[in-house]
Amino acid sequence: MTYILAIDQGTTSTRAILFDDQMQVAGSAQQEFPQHFPQAGWVEHDPEDLWTTTIETCRRVMADLDVTAGEIAGIGITNQRETTVVWDRKTGKAIHNAIVWQDRRTTPICEALREAGHEALISHQTGLLLDPYFSGTKLSWILDQVPGSREQAGNGDLLVGTVDSFLIWRLTGGASHVTDATNAARTLMYDIRNGAWSAEICDVLNVPMAMLPEVKDSAADFGVIQADILGGEIPVLGVAGDQQAATIGQACFRPGMMKSTYGTGCFALLNTGETPVVSSNRMLTTIAYQLDGKPTYALEGSIFIAGAAVQWLRDGMGMIENAGQTGELAPQADPGQDVLLVPAFTGLGAPYWQPDSRGAVFGLTRNSGPAELARAALQSVGYQTRDLWEAMRADWGGETDVTLRVDGGMSASDWTMQSLSDLLGAAVDRPVMQETTALGAAWLAGMRAGIYPDQERFAETWALDRQFTPQLAAESREAAYARWKRAVQAVIGV
Ligand SMILES: Nc1ncnc2c1ncn2[C@@H]1O[C@H](COP(=O)(O)OP(=O)(O)O)[C@@H](O)[C@H]1O
Ligand SMILES: O=P(O)(O)OC[C@H](O)CO
(Lines give C-alpha, C1' and ligand atoms only; values in the text may rest on other atoms or scores of the structure.)
(Ligands and ions follow the chains in the order given, each with its own letter.)
Protein backbone atom coordinates (compact mmCIF):
# COMPACT_ATOMS: atom_id res chain seq x y z
CA MET A 1 0.00 0.00 0.00
CA THR A 2 1.14 3.53 -0.77
CA TYR A 3 0.16 6.36 1.55
CA ILE A 4 0.21 10.15 1.70
CA LEU A 5 0.94 11.77 5.03
CA ALA A 6 -0.91 15.02 5.73
CA ILE A 7 0.29 17.30 8.52
CA ASP A 8 -2.32 19.78 9.77
CA GLN A 9 -0.61 22.21 12.10
CA GLY A 10 -3.58 24.15 13.56
CA THR A 11 -4.08 26.88 16.14
CA THR A 12 -4.79 24.62 19.09
CA SER A 13 -3.50 21.22 17.99
CA THR A 14 -1.32 19.42 15.48
CA ARG A 15 -2.60 16.43 13.56
CA ALA A 16 -0.99 13.85 11.33
CA ILE A 17 -3.29 11.91 9.02
CA LEU A 18 -2.37 8.99 6.79
CA PHE A 19 -4.44 8.73 3.61
CA ASP A 20 -4.44 5.49 1.65
CA ASP A 21 -4.14 5.25 -2.12
CA GLN A 22 -7.94 5.69 -2.43
CA MET A 23 -7.75 9.05 -0.57
CA GLN A 24 -9.44 7.52 2.48
CA VAL A 25 -8.28 8.25 6.02
CA ALA A 26 -6.33 5.22 7.24
CA GLY A 27 -5.57 6.72 10.64
CA SER A 28 -4.64 9.87 12.49
CA ALA A 29 -2.90 11.21 15.59
CA GLN A 30 -3.53 14.51 17.30
CA GLN A 31 -1.82 16.52 20.00
CA GLU A 32 -2.79 19.78 21.64
CA PHE A 33 -0.15 22.27 22.75
CA PRO A 34 -0.14 25.25 25.15
CA GLN A 35 -1.40 28.68 24.18
CA HIS A 36 0.47 31.63 25.66
CA PHE A 37 -1.29 34.91 26.47
CA PRO A 38 1.48 37.17 27.83
CA GLN A 39 -0.82 40.22 27.83
CA ALA A 40 -4.44 41.00 27.00
CA GLY A 41 -4.90 40.59 23.26
CA TRP A 42 -1.56 38.82 22.77
CA VAL A 43 -1.40 35.18 21.62
CA GLU A 44 1.84 33.23 21.19
CA HIS A 45 2.97 29.68 20.46
CA ASP A 46 6.31 28.18 21.36
CA PRO A 47 7.78 27.14 17.96
CA GLU A 48 9.34 24.11 19.68
CA ASP A 49 5.79 22.92 20.51
CA LEU A 50 4.78 23.29 16.86
CA TRP A 51 7.83 21.24 15.89
CA THR A 52 7.65 18.49 18.52
CA THR A 53 3.89 17.94 18.12
CA THR A 54 4.46 17.66 14.37
CA ILE A 55 7.09 14.95 14.55
CA GLU A 56 5.43 13.14 17.44
CA THR A 57 2.04 12.92 15.73
CA CYS A 58 3.68 11.77 12.48
CA ARG A 59 5.62 9.08 14.32
CA ARG A 60 2.56 8.00 16.29
CA VAL A 61 0.25 7.57 13.30
CA MET A 62 2.96 5.68 11.39
CA ALA A 63 3.60 3.39 14.38
CA ASP A 64 -0.13 2.83 15.00
CA LEU A 65 -0.68 1.72 11.41
CA ASP A 66 2.70 0.06 11.08
CA VAL A 67 3.53 2.21 8.06
CA THR A 68 7.16 2.88 7.14
CA ALA A 69 8.65 5.93 5.42
CA GLY A 70 9.20 3.82 2.30
CA GLU A 71 5.43 3.35 1.96
CA ILE A 72 4.74 7.11 2.03
CA ALA A 73 4.87 8.67 -1.43
CA GLY A 74 4.74 12.24 -0.19
CA ILE A 75 3.85 14.68 2.56
CA GLY A 76 1.26 17.45 2.34
CA ILE A 77 1.44 20.26 4.88
CA THR A 78 -1.42 22.54 5.83
CA ASN A 79 -1.21 25.06 8.60
CA GLN A 80 -2.70 27.85 10.67
CA ARG A 81 -2.01 30.86 8.51
CA GLU A 82 -0.38 34.25 9.22
CA THR A 83 1.29 33.02 12.44
CA THR A 84 4.86 34.24 12.21
CA VAL A 85 8.17 32.64 13.24
CA VAL A 86 11.64 34.18 13.03
CA TRP A 87 14.57 31.81 13.51
CA ASP A 88 18.34 31.69 13.39
CA ARG A 89 19.71 30.12 10.22
CA LYS A 90 22.65 28.51 12.04
CA THR A 91 21.04 27.16 15.20
CA GLY A 92 17.49 26.69 13.93
CA LYS A 93 16.21 28.29 17.14
CA ALA A 94 13.44 30.86 17.04
CA ILE A 95 14.41 34.26 18.40
CA HIS A 96 10.91 34.92 19.76
CA ASN A 97 7.75 32.93 20.32
CA ALA A 98 5.56 32.64 17.22
CA ILE A 99 3.06 35.49 17.11
CA VAL A 100 -0.30 33.92 16.38
CA TRP A 101 -2.83 35.17 13.83
CA GLN A 102 -5.27 36.09 16.62
CA ASP A 103 -2.73 38.42 18.26
CA ARG A 104 -3.77 42.10 18.30
CA ARG A 105 -0.54 43.69 19.58
CA THR A 106 0.29 45.35 16.29
CA THR A 107 -2.86 47.47 16.17
CA PRO A 108 -0.74 50.65 16.76
CA ILE A 109 1.63 49.68 13.91
CA CYS A 110 -1.36 49.27 11.61
CA GLU A 111 -2.70 52.65 12.67
CA ALA A 112 0.65 54.33 12.07
CA LEU A 113 0.86 52.79 8.59
CA ARG A 114 -2.65 53.98 7.85
CA GLU A 115 -1.87 57.50 9.05
CA ALA A 116 1.29 57.53 6.95
CA GLY A 117 -0.92 56.84 3.91
CA HIS A 118 0.32 53.32 3.08
CA GLU A 119 -3.02 51.50 3.17
CA ALA A 120 -3.90 51.90 -0.51
CA LEU A 121 -0.55 50.46 -1.69
CA ILE A 122 -0.70 47.55 0.74
CA SER A 123 -4.32 46.68 -0.06
CA HIS A 124 -3.77 46.93 -3.79
CA GLN A 125 -0.72 44.69 -3.88
CA THR A 126 -1.64 42.13 -1.22
CA GLY A 127 -5.45 42.05 -1.45
CA LEU A 128 -5.50 42.36 2.36
CA LEU A 129 -6.32 45.14 4.80
CA LEU A 130 -4.28 46.89 7.44
CA ASP A 131 -5.20 44.66 10.37
CA PRO A 132 -2.95 43.00 13.00
CA TYR A 133 -4.28 39.64 11.73
CA PHE A 134 -1.62 39.38 8.99
CA SER A 135 2.08 38.49 9.32
CA GLY A 136 3.79 41.67 8.12
CA THR A 137 3.27 43.85 11.17
CA LYS A 138 3.96 40.88 13.48
CA LEU A 139 7.34 40.48 11.79
CA SER A 140 7.99 44.20 12.03
CA TRP A 141 7.20 44.05 15.76
CA ILE A 142 9.65 41.16 16.37
CA LEU A 143 12.42 43.00 14.48
CA ASP A 144 11.69 46.13 16.54
CA GLN A 145 11.73 44.28 19.86
CA VAL A 146 14.61 41.81 19.59
CA PRO A 147 17.85 43.81 19.75
CA GLY A 148 20.07 43.47 16.69
CA SER A 149 17.59 41.26 14.83
CA ARG A 150 16.96 43.61 11.92
CA GLU A 151 20.67 43.78 11.17
CA GLN A 152 21.09 40.02 11.51
CA ALA A 153 18.13 39.52 9.17
CA GLY A 154 19.72 41.87 6.66
CA ASN A 155 22.90 39.75 6.78
CA GLY A 156 20.87 36.64 6.02
CA ASP A 157 21.43 35.18 9.51
CA LEU A 158 17.76 35.22 10.47
CA LEU A 159 14.90 33.70 8.49
CA VAL A 160 11.17 34.29 8.67
CA GLY A 161 8.28 32.08 7.74
CA THR A 162 4.71 31.13 8.35
CA VAL A 163 4.37 27.78 10.14
CA ASP A 164 4.64 25.69 6.95
CA SER A 165 7.92 27.36 6.15
CA PHE A 166 9.37 26.84 9.63
CA LEU A 167 8.36 23.16 9.68
CA ILE A 168 9.77 22.46 6.22
CA TRP A 169 13.03 24.17 7.13
CA ARG A 170 13.33 21.93 10.19
CA LEU A 171 12.14 18.76 8.42
CA THR A 172 14.69 19.23 5.63
CA GLY A 173 17.51 19.96 8.08
CA GLY A 174 17.74 23.56 6.90
CA ALA A 175 17.96 22.65 3.21
CA SER A 176 14.70 24.35 2.13
CA HIS A 177 13.50 27.82 3.05
CA VAL A 178 10.24 27.80 1.12
CA THR A 179 6.52 28.46 1.34
CA ASP A 180 3.61 28.25 -1.07
CA ALA A 181 1.63 31.03 -2.73
CA THR A 182 -1.43 30.60 -0.47
CA ASN A 183 0.61 31.15 2.67
CA ALA A 184 2.61 33.98 1.11
CA ALA A 185 -0.70 35.64 0.22
CA ARG A 186 -1.45 36.08 3.95
CA THR A 187 1.75 37.85 4.95
CA LEU A 188 0.91 41.42 3.88
CA MET A 189 4.21 41.41 1.95
CA TYR A 190 3.33 39.38 -1.15
CA ASP A 191 2.09 40.95 -4.36
CA ILE A 192 -0.66 38.54 -5.35
CA ARG A 193 -0.89 39.91 -8.89
CA ASN A 194 2.81 39.73 -9.75
CA GLY A 195 3.44 36.60 -7.71
CA ALA A 196 6.46 38.07 -5.92
CA TRP A 197 7.43 39.62 -2.60
CA SER A 198 6.78 43.35 -2.69
CA ALA A 199 9.96 45.39 -2.27
CA GLU A 200 7.87 48.51 -1.65
CA ILE A 201 5.90 46.99 1.21
CA CYS A 202 9.01 45.38 2.75
CA ASP A 203 10.55 48.84 2.68
CA VAL A 204 7.52 50.37 4.40
CA LEU A 205 7.57 47.62 7.06
CA ASN A 206 11.36 47.83 7.34
CA VAL A 207 11.72 44.11 6.61
CA PRO A 208 14.99 42.89 5.01
CA MET A 209 13.98 40.80 1.99
CA ALA A 210 16.91 38.44 2.54
CA MET A 211 14.94 36.77 5.33
CA LEU A 212 11.90 35.83 3.19
CA PRO A 213 11.31 32.28 1.88
CA GLU A 214 11.10 31.24 -1.76
CA VAL A 215 7.46 31.04 -2.90
CA LYS A 216 6.35 27.92 -4.80
CA ASP A 217 3.17 26.47 -6.28
CA SER A 218 0.90 24.63 -3.84
CA ALA A 219 1.92 21.32 -5.44
CA ALA A 220 5.70 21.40 -5.90
CA ASP A 221 8.99 19.94 -4.70
CA PHE A 222 9.40 21.62 -1.32
CA GLY A 223 12.33 19.49 -0.19
CA VAL A 224 13.00 16.03 1.20
CA ILE A 225 12.73 15.34 4.90
CA GLN A 226 15.81 14.01 6.62
CA ALA A 227 15.93 10.23 6.98
CA ASP A 228 16.45 10.23 10.76
CA ILE A 229 13.16 12.05 11.48
CA LEU A 230 10.63 9.47 10.27
CA GLY A 231 12.94 6.59 9.43
CA GLY A 232 13.51 7.40 5.77
CA GLU A 233 13.53 10.23 3.26
CA ILE A 234 10.08 11.48 2.18
CA PRO A 235 9.45 14.38 -0.21
CA VAL A 236 7.19 17.27 0.80
CA LEU A 237 5.01 17.72 -2.30
CA GLY A 238 2.02 19.80 -1.21
CA VAL A 239 1.56 22.93 0.92
CA ALA A 240 -1.46 25.18 1.48
CA GLY A 241 -2.79 27.37 4.27
CA ASP A 242 -5.52 25.52 6.12
CA GLN A 243 -8.46 27.50 4.75
CA GLN A 244 -7.19 27.16 1.21
CA ALA A 245 -6.57 23.45 1.78
CA ALA A 246 -10.22 23.12 2.88
CA THR A 247 -11.29 24.93 -0.29
CA ILE A 248 -9.32 22.36 -2.27
CA GLY A 249 -10.60 19.45 -0.14
CA GLN A 250 -14.16 20.69 -0.79
CA ALA A 251 -13.33 20.72 -4.52
CA CYS A 252 -14.43 24.35 -4.90
CA PHE A 253 -12.62 24.54 -8.22
CA ARG A 254 -15.25 26.36 -10.29
CA PRO A 255 -15.56 30.15 -10.08
CA GLY A 256 -18.62 30.95 -7.93
CA MET A 257 -18.18 27.94 -5.63
CA MET A 258 -17.93 28.72 -1.95
CA LYS A 259 -16.98 26.92 1.25
CA SER A 260 -17.10 27.90 4.89
CA THR A 261 -15.09 26.19 7.62
CA TYR A 262 -16.30 26.29 11.22
CA GLY A 263 -13.49 25.70 13.70
CA THR A 264 -12.27 28.16 16.33
CA GLY A 265 -13.05 30.89 13.81
CA CYS A 266 -14.95 30.78 10.54
CA PHE A 267 -13.41 31.32 7.16
CA ALA A 268 -15.45 31.51 3.96
CA LEU A 269 -13.76 31.42 0.55
CA LEU A 270 -15.41 32.11 -2.80
CA ASN A 271 -13.49 30.95 -5.86
CA THR A 272 -13.19 33.86 -8.33
CA GLY A 273 -11.07 32.06 -10.92
CA GLU A 274 -8.14 33.66 -12.70
CA THR A 275 -9.12 37.19 -11.69
CA PRO A 276 -8.35 38.79 -8.35
CA VAL A 277 -11.63 40.51 -7.46
CA VAL A 278 -11.25 43.72 -5.46
CA SER A 279 -13.83 43.90 -2.71
CA SER A 280 -16.00 46.95 -2.13
CA ASN A 281 -17.18 45.35 1.11
CA ARG A 282 -13.95 44.86 3.03
CA MET A 283 -13.51 41.22 2.09
CA LEU A 284 -10.00 39.94 1.44
CA THR A 285 -8.61 39.03 -1.96
CA THR A 286 -6.38 36.01 -1.70
CA ILE A 287 -4.94 33.02 -3.55
CA ALA A 288 -7.08 29.87 -3.29
CA TYR A 289 -4.35 27.67 -4.79
CA GLN A 290 -1.57 27.90 -7.31
CA LEU A 291 -0.97 25.03 -9.71
CA ASP A 292 1.45 24.93 -12.66
CA GLY A 293 2.46 28.53 -11.99
CA LYS A 294 -1.15 29.72 -12.34
CA PRO A 295 -2.87 31.29 -9.32
CA THR A 296 -6.60 30.82 -8.77
CA TYR A 297 -7.96 33.68 -6.70
CA ALA A 298 -10.63 33.86 -4.03
CA LEU A 299 -12.54 36.34 -1.98
CA GLU A 300 -12.29 35.52 1.69
CA GLY A 301 -14.30 36.51 4.72
CA SER A 302 -12.57 35.81 8.02
CA ILE A 303 -14.45 35.68 11.32
CA PHE A 304 -12.38 35.27 14.45
CA ILE A 305 -14.99 33.68 16.74
CA ALA A 306 -17.19 30.75 15.70
CA GLY A 307 -16.61 27.55 17.71
CA ALA A 308 -14.71 29.74 20.18
CA ALA A 309 -18.12 31.09 21.31
CA VAL A 310 -19.02 27.53 22.28
CA GLN A 311 -15.65 27.16 24.03
CA TRP A 312 -16.49 30.33 25.96
CA LEU A 313 -19.76 28.80 27.19
CA ARG A 314 -17.81 25.74 28.29
CA ASP A 315 -14.58 27.20 29.70
CA GLY A 316 -15.43 30.83 30.47
CA MET A 317 -18.98 30.47 31.72
CA GLY A 318 -18.87 26.85 32.89
CA MET A 319 -22.36 26.44 31.42
CA ILE A 320 -21.75 23.22 29.52
CA GLU A 321 -19.29 20.35 29.77
CA ASN A 322 -18.83 19.67 26.09
CA ALA A 323 -19.47 21.49 22.82
CA GLY A 324 -22.13 18.99 21.69
CA GLN A 325 -24.42 20.00 24.57
CA THR A 326 -25.16 23.31 22.84
CA GLY A 327 -27.08 21.33 20.22
CA GLU A 328 -29.29 19.87 22.98
CA LEU A 329 -29.79 23.19 24.77
CA ALA A 330 -30.51 25.42 21.78
CA PRO A 331 -33.81 23.74 20.79
CA GLN A 332 -34.99 24.15 24.41
CA ALA A 333 -34.56 27.93 24.28
CA ASP A 334 -37.67 30.02 24.85
CA PRO A 335 -38.93 31.12 21.40
CA GLY A 336 -40.33 34.25 23.05
CA GLN A 337 -36.89 35.49 24.07
CA ASP A 338 -34.58 37.12 21.55
CA VAL A 339 -31.22 36.77 23.25
CA LEU A 340 -28.51 37.74 20.77
CA LEU A 341 -24.74 37.41 21.17
CA VAL A 342 -22.21 39.49 19.26
CA PRO A 343 -19.05 37.46 19.94
CA ALA A 344 -16.52 40.23 19.36
CA PHE A 345 -14.22 38.72 22.00
CA THR A 346 -11.08 39.61 20.04
CA GLY A 347 -12.56 42.41 17.98
CA LEU A 348 -14.58 41.99 14.81
CA GLY A 349 -13.14 40.57 11.60
CA ALA A 350 -14.74 40.81 8.16
CA PRO A 351 -16.54 42.88 7.08
CA TYR A 352 -16.17 45.25 10.05
CA TRP A 353 -12.44 44.99 10.93
CA GLN A 354 -12.75 46.54 14.39
CA PRO A 355 -9.85 45.20 16.47
CA ASP A 356 -10.90 47.16 19.56
CA SER A 357 -14.58 46.15 19.70
CA ARG A 358 -15.62 43.69 22.37
CA GLY A 359 -18.56 41.29 22.71
CA ALA A 360 -22.08 41.90 24.00
CA VAL A 361 -25.29 40.06 24.80
CA PHE A 362 -28.60 41.72 23.94
CA GLY A 363 -32.17 40.93 25.00
CA LEU A 364 -31.53 39.36 28.43
CA THR A 365 -34.52 38.81 30.73
CA ARG A 366 -34.83 37.29 34.22
CA ASN A 367 -35.68 34.02 32.52
CA SER A 368 -32.67 33.93 30.22
CA GLY A 369 -30.41 30.98 30.95
CA PRO A 370 -28.03 28.45 29.39
CA ALA A 371 -30.50 27.41 26.67
CA GLU A 372 -31.00 30.96 25.39
CA LEU A 373 -27.26 31.67 25.52
CA ALA A 374 -26.43 28.42 23.74
CA ARG A 375 -28.91 29.29 20.99
CA ALA A 376 -27.44 32.79 20.76
CA ALA A 377 -23.88 31.41 20.48
CA LEU A 378 -24.83 29.00 17.68
CA GLN A 379 -26.89 31.62 15.86
CA SER A 380 -24.02 34.12 16.02
CA VAL A 381 -22.18 31.86 13.61
CA GLY A 382 -25.07 32.06 11.14
CA TYR A 383 -25.41 35.83 11.40
CA GLN A 384 -21.69 36.35 10.86
CA THR A 385 -21.72 34.02 7.87
CA ARG A 386 -24.66 35.96 6.45
CA ASP A 387 -22.54 39.13 6.63
CA LEU A 388 -19.85 37.40 4.57
CA TRP A 389 -22.32 35.77 2.20
CA GLU A 390 -23.93 39.15 1.39
CA ALA A 391 -20.61 40.93 0.99
CA MET A 392 -18.88 38.32 -1.16
CA ARG A 393 -21.80 37.77 -3.48
CA ALA A 394 -22.10 41.52 -4.00
CA ASP A 395 -18.36 41.81 -4.73
CA TRP A 396 -18.29 38.88 -7.08
CA GLY A 397 -21.27 40.05 -9.11
CA GLY A 398 -21.16 36.89 -11.19
CA GLU A 399 -23.21 33.80 -10.72
CA THR A 400 -22.52 32.08 -7.41
CA ASP A 401 -23.57 28.67 -6.33
CA VAL A 402 -26.73 28.90 -4.31
CA THR A 403 -25.33 26.38 -1.87
CA LEU A 404 -22.59 26.71 0.70
CA ARG A 405 -20.25 23.78 1.36
CA VAL A 406 -19.41 23.52 5.05
CA ASP A 407 -16.82 21.72 7.16
CA GLY A 408 -14.84 22.03 10.41
CA GLY A 409 -15.63 20.78 13.93
CA MET A 410 -18.73 22.88 14.36
CA SER A 411 -20.33 21.67 11.12
CA ALA A 412 -21.03 18.45 13.05
CA SER A 413 -23.82 20.35 14.83
CA ASP A 414 -27.05 19.73 12.90
CA TRP A 415 -28.80 22.49 14.82
CA THR A 416 -26.14 25.05 13.88
CA MET A 417 -26.16 24.04 10.22
CA GLN A 418 -29.98 24.23 10.04
CA SER A 419 -29.95 27.64 11.67
CA LEU A 420 -27.21 28.71 9.23
CA SER A 421 -29.36 27.67 6.28
CA ASP A 422 -32.34 29.52 7.80
CA LEU A 423 -30.36 32.73 8.26
CA LEU A 424 -28.76 32.58 4.80
CA GLY A 425 -31.94 31.55 3.04
CA ALA A 426 -29.77 29.11 1.09
CA ALA A 427 -28.91 25.42 1.07
CA VAL A 428 -25.97 24.27 3.20
CA ASP A 429 -24.15 21.13 2.05
CA ARG A 430 -22.11 19.03 4.46
CA PRO A 431 -19.88 16.43 2.81
CA VAL A 432 -19.28 12.85 3.91
CA MET A 433 -15.55 13.57 4.13
CA GLN A 434 -15.09 15.61 7.31
CA GLU A 435 -11.30 15.88 6.93
CA THR A 436 -11.45 18.38 4.11
CA THR A 437 -8.43 20.42 5.23
CA ALA A 438 -6.13 17.43 5.53
CA LEU A 439 -7.57 15.96 2.33
CA GLY A 440 -6.75 19.17 0.45
CA ALA A 441 -3.10 18.97 1.53
CA ALA A 442 -2.98 15.22 0.86
CA TRP A 443 -4.48 15.64 -2.60
CA LEU A 444 -1.88 18.27 -3.55
CA ALA A 445 0.91 15.91 -2.51
CA GLY A 446 -0.71 12.77 -3.92
CA MET A 447 -1.43 14.39 -7.25
CA ARG A 448 2.17 15.62 -7.44
CA ALA A 449 3.35 12.10 -6.55
CA GLY A 450 1.18 10.73 -9.36
CA ILE A 451 -0.96 8.46 -7.17
CA TYR A 452 -4.09 10.66 -6.86
CA PRO A 453 -6.46 11.74 -9.65
CA ASP A 454 -6.33 15.04 -11.50
CA GLN A 455 -8.42 18.02 -10.45
CA GLU A 456 -11.51 17.12 -12.44
CA ARG A 457 -11.68 13.53 -11.30
CA PHE A 458 -10.89 14.53 -7.73
CA ALA A 459 -13.88 16.94 -7.80
CA GLU A 460 -16.13 14.02 -8.80
CA THR A 461 -15.27 12.19 -5.57
CA TRP A 462 -16.97 14.90 -3.41
CA ALA A 463 -20.01 13.26 -1.76
CA LEU A 464 -22.90 14.78 0.18
CA ASP A 465 -23.60 13.70 3.75
CA ARG A 466 -26.57 16.00 4.40
CA GLN A 467 -28.15 19.05 2.84
CA PHE A 468 -29.86 21.63 5.10
CA THR A 469 -32.50 23.80 3.42
CA PRO A 470 -34.14 26.98 4.75
CA GLN A 471 -37.18 26.38 6.97
CA LEU A 472 -37.64 29.97 8.13
CA ALA A 473 -40.02 32.41 6.40
CA ALA A 474 -38.17 35.12 4.47
CA GLU A 475 -39.81 37.86 6.52
CA SER A 476 -38.62 36.41 9.85
CA ARG A 477 -35.16 35.86 8.41
CA GLU A 478 -34.79 39.44 7.27
CA ALA A 479 -36.16 40.85 10.53
CA ALA A 480 -33.69 38.75 12.54
CA TYR A 481 -30.79 39.78 10.32
CA ALA A 482 -31.72 43.49 10.56
CA ARG A 483 -31.63 43.15 14.36
CA TRP A 484 -28.17 41.56 14.15
CA LYS A 485 -26.90 44.47 12.05
CA ARG A 486 -28.19 46.94 14.65
CA ALA A 487 -26.55 44.94 17.45
CA VAL A 488 -23.19 44.98 15.64
CA GLN A 489 -23.41 48.73 15.14
CA ALA A 490 -24.15 49.12 18.86
CA VAL A 491 -21.05 47.06 19.71
CA ILE A 492 -18.88 49.14 17.38
CA GLY A 493 -20.23 52.32 18.93
CA VAL A 494 -19.45 51.40 22.54
N1 LIG B 1 -21.23 19.53 18.19
C2 LIG B 1 -20.73 20.75 18.25
N3 LIG B 1 -21.53 21.81 18.42
C4 LIG B 1 -21.05 23.07 18.47
N5 LIG B 1 -19.74 23.36 18.37
C6 LIG B 1 -18.89 22.36 18.20
C7 LIG B 1 -19.32 21.00 18.13
N8 LIG B 1 -18.24 20.21 17.96
C9 LIG B 1 -17.16 21.04 17.93
N10 LIG B 1 -17.55 22.32 18.08
C11 LIG B 1 -16.67 23.51 18.10
O12 LIG B 1 -15.81 23.41 16.98
C13 LIG B 1 -14.48 23.83 17.31
C14 LIG B 1 -13.50 22.73 16.97
O15 LIG B 1 -13.43 22.58 15.58
P16 LIG B 1 -12.04 22.28 14.85
O17 LIG B 1 -12.37 22.21 13.40
O18 LIG B 1 -11.41 21.11 15.49
O19 LIG B 1 -11.30 23.64 15.22
P20 LIG B 1 -9.78 24.18 15.06
O21 LIG B 1 -9.20 23.52 13.84
O22 LIG B 1 -9.93 25.65 14.91
O23 LIG B 1 -9.06 23.82 16.34
C24 LIG B 1 -14.47 24.13 18.79
O25 LIG B 1 -14.45 25.52 18.97
C26 LIG B 1 -15.77 23.54 19.32
O27 LIG B 1 -16.30 24.35 20.33
O1 LIG C 1 -6.02 26.69 12.86
P2 LIG C 1 -7.40 27.12 12.48
O3 LIG C 1 -8.22 26.02 11.91
O4 LIG C 1 -8.10 27.82 13.61
O5 LIG C 1 -7.27 28.20 11.28
C6 LIG C 1 -6.62 29.40 11.47
C7 LIG C 1 -6.60 30.23 10.19
O8 LIG C 1 -5.76 29.72 9.22
C9 LIG C 1 -6.23 31.65 10.51
O10 LIG C 1 -6.24 32.45 9.37
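# Helix α1, two domains and the ligand shells

Helix α1 is followed by Asp 66, whose phi is positive, near 60°. Helices here are DSSP runs of H or I with at least four residues, strands are runs of E with at least two, and both are numbered from the N terminus. The model is predicted: local features need pLDDT of at least 70 and side-chain atom pairs count only at pLDDT 80 or more, while totals for chains, interfaces and linings use all residues. Residues are numbered from 1 along each chain as its sequence is written, and chains are lettered from A and ligands numbered from 1 in the order in which they are written.

Helix α1 covers residues 47–65, 19 residues in total. From its first C-alpha to its last it reaches 28 Å, close to the expected 27 Å; the expected span is 1.5 Å times one less than the number of residues. The buried residues of α1 are Pro 47, Leu 50, Trp 51, Thr 53, Thr 54, Thr 57, Cys 58, Val 61 and Met 62. A residue is buried if 20 or more other C-beta atoms lie within 10 Å of its own, exposed if 12 or fewer, and partly exposed in between, with C-beta atoms placed from the backbone.

## Domains

The domain assignment gives domain 1 (3–243) and domain 2 (251–431 + 463–494); such bounds come from an automatic or database assignment. Over C-alpha atoms, the centres of domain 1 and domain 2 are separated by 26 Å. At the interface, 22 residues of domain 1 are in contact with 21 residues of domain 2. On the side of domain 1 that touches domain 2, the residues divide into eight nonpolar, nine polar and five charged. Contact means that the C-beta atoms of two residues, placed from the backbone, lie within 7 Å. For the classes, Ala, Val, Leu, Ile, Met, Phe, Trp, Tyr, Cys and Pro count as nonpolar, Asp, Glu, Lys and Arg as charged, and the others, Gly among them, as polar.

## Ligand shells

A residue is near a ligand if its C-beta atom, placed from the backbone, lies within 6 Å of it. Of the 19 residues around ligand 1, Gly 263, Thr 264, Gly 307, Gly 409 and Ser 413 come nearest. This shell has five nonpolar, 14 polar and no charged residues. Helices α11 (307–316) and α12 (325–329) each supply at least two residues of the shell around ligand 1, and α11 gives the most, with four residues. At least three residues of the shell come from each of domain 1 and domain 2.

Ligand 2 is surrounded by Gly 10, Thr 11, Gln 80, Arg 81, Glu 82, Trp 101, Gly 241, Asp 242, Gln 243, Gly 263, Thr 264 and Gly 265. By class, these are one nonpolar, eight polar and three charged residues. Domain 1 and domain 2 each contribute at least three residues to the shell around ligand 2.

## Annotated binding-site residues

An unreviewed UniProt entry places a "binding site" feature at Thr 11, Arg 81, Glu 82, Tyr 133 and Asp 242, and a "binding site" feature is also placed at Arg 81, Glu 82, Tyr 133, Asp 242 and Gln 243. UniProt positions are given in the numbering used here, feature names are shortened, and annotations may be inferred rather than shown by experiment.

| Residue | Other C-beta atoms within 10 Å |
|---|---|
| Arg 81 (buried) | 27 C-beta atoms |
| Glu 82 (buried) | 25 C-beta atoms |
| Tyr 133 (buried) | 28 C-beta atoms |
| Asp 242 (buried) | 30 C-beta atoms |

Arg 81 lies in the loop between β5 (72–79) and β6 (85–88), and Glu 82 lies in the loop between β5 and β6. Tyr 133 is in the loop between α3 (119–126) and α4 (135–145), whereas Asp 242 belongs to helix α10 (residues 242–249).

The contacts that follow leave aside residues up to four places away in sequence. Arg 81 touches Trp 101, Thr 162, Asn 183, Arg 186, Gly 241, Asp 242 and Gln 243. Asp 242 touches Arg 81 in turn, along with Asp 8, Gly 10, Thr 78, Asn 79, Gln 80 and Thr 437. Glu 82 is in contact with Trp 101, Tyr 133, Phe 134, Ser 135, Thr 162 and Arg 186. The contacts of Tyr 133 are Glu 82 and Trp 101.

## Val 146

Val 146 is found in the loop between α4 and α5 (149–154). Val 146 counts as partly exposed because it has 15 C-beta neighbours inside 10 Å. Beyond four places in sequence, Val 146 is in contact with Ile 95 and His 96. Val 146 and His 96 are 50 residues apart in sequence and 7.8 Å apart in space, C-alpha to C-alpha.
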